[in-house]
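Q: Could we go through this fold together? I would like to begin with the sheet and then turn to the interior.

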Amino acid sequence: MILALAPLALAQLPAPNAAGVSMGHLHLNVKDVEAAKSFFVDQLGATPVKLGNNDVMKFPGALIFLRKAEPSGGSEGSIVNHIGFLVRDLDPYAAKWKANSVKIVSENPASRQMFIMSPDGVKIEIYEDKTISAPIVNHHIHFYNGSMKETKAWYVKTFSAKAGMRGRFEAADVPGVNLSFSVSEAPVTGTKGRALDHIGFEVKDLESFCKKMEAEGIKFDVPYRKVAALGLAVAFFTDPFGTYVELTEGLSKL
């Protein structure tokens, strides 16, 4: 089951599922904001925008926020091992990355796949898909821990993600992103403080959604609140497996 992402080329964040949930954003801790911006804009083709004082990288289907901070480690070794994008034509990207000394973790020409690393250690998987209608689109978040099936079941239940498989990987789809799940033989840490600090979902009627989560026993690190200066509503919690998660309402305007 591969998430169908072609329509996202014409819109920023996708329409939500029946529970009101869609992909929102990824929030990175970066040592040098300008260097991180250069990586995402020049190497991956993001569109840079501002939300208040926040530097935001726009991709079809997702936003990436950059926050100046010293990350405690890269994405490898945390529960979110890597993120993934689809590109329509891998060859020009690969040539550019090699010419610009982007760290290439691995490449598999036969499967049209590469792994690269951001300047702060966020591992990024790239697949070629010639059917997408934009040069690059958001694709997946890959979780690694010792509780693969339980993690998948939790995301299916909590966010009404559609359970299935992505190739050989256990997976679940939320509009705009495939959530993939693998077993990690080594212990992993939570995401908070790492280069990939937290993942974010955009939620319709967030206040009611948070009340429902609280009724189900989920405790929030930052309860539902409105951020009037940004025109957003937000809430933060840590999932049972160590992923820091932000819920937002209002990011779809970007």
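The exchange below takes up the sheet, a helix and the nonpolar cores.

Q: Is this model predicted or what is its origin?
A: It is a predicted model.

Q: What is the strand order in the open sheet of eight strands?
A: The order runs β6-β7-β8-β5-β9-β12-β11-β10, and the pairing is mixed. From one strand to the next, the twist averages 25°.

Q: Which strands stand at the edges?
A: Those are β6 (103-108) and β10 (162-166). Each has a single partner strand, so one side of each lacks a neighbour in the sheet.

Q: And how many bridges join β6 to β7?
A: Five bridges connect β6 with β7 (residues 113-117), and the two strands run antiparallel. Within this pair, I104 stands opposite I116 in β7.

Q: Moving on, which strands does helix α3 lie across?
A: Helix α3 (residues 148-159) lies across β9 (136-145), β10, β11 (169-174) and β12 (177-183). Its direction is at about 155° to β12.

Q: Now the interior: which residues of the largest nonpolar core touch the most other members?
A: That core has 60 residues, and the ones touching the most other members are F40, L44, I124, Y155, I199, F201 and L247.

Q: Which strand gives the most to this core?
A: Strand β1 (residues 21-30) does, with five residues.

Q: What is I199 in contact with, leaving aside neighbours within four places in sequence?
A: Its contacts are H25, L26, V80, I141, F143, Y155, T243, Y244, V245 and E246.

Q: What lies apart from the largest core?
A: Another core of twelve residues does, including F65, L232, F236 and Y244.

Note on methods: Residues are numbered from 1 along each chain as its sequence is written. This is a predicted model: local features need pLDDT of at least 70, side-chain atom pairs count only at pLDDT 80 or more; totals for chains, interfaces and linings use all residues. Side-chain values use heavy atoms; hydrogens and water are left out. Two strands pair if DSSP finds at least two bridges between them. Helices (H or I, at least four residues) and strands (E, at least two) are DSSP runs, numbered from the N terminus. Axes are lines fitted to C-alpha atoms, for helices over the stretch in contact, and angles run from 0 to 180 degrees between N-to-C directions. Contact means heavy atoms within 4.5 Å. A nonpolar core is a set of buried Ala, Val, Leu, Ile, Met, Phe, Trp, Tyr and Cys residues joined through side-chain atoms within 4.5 Å. Buried means under 20% relative accessible area, exposed over 50%, partly exposed in between (1.4 Å probe, protein chains only).
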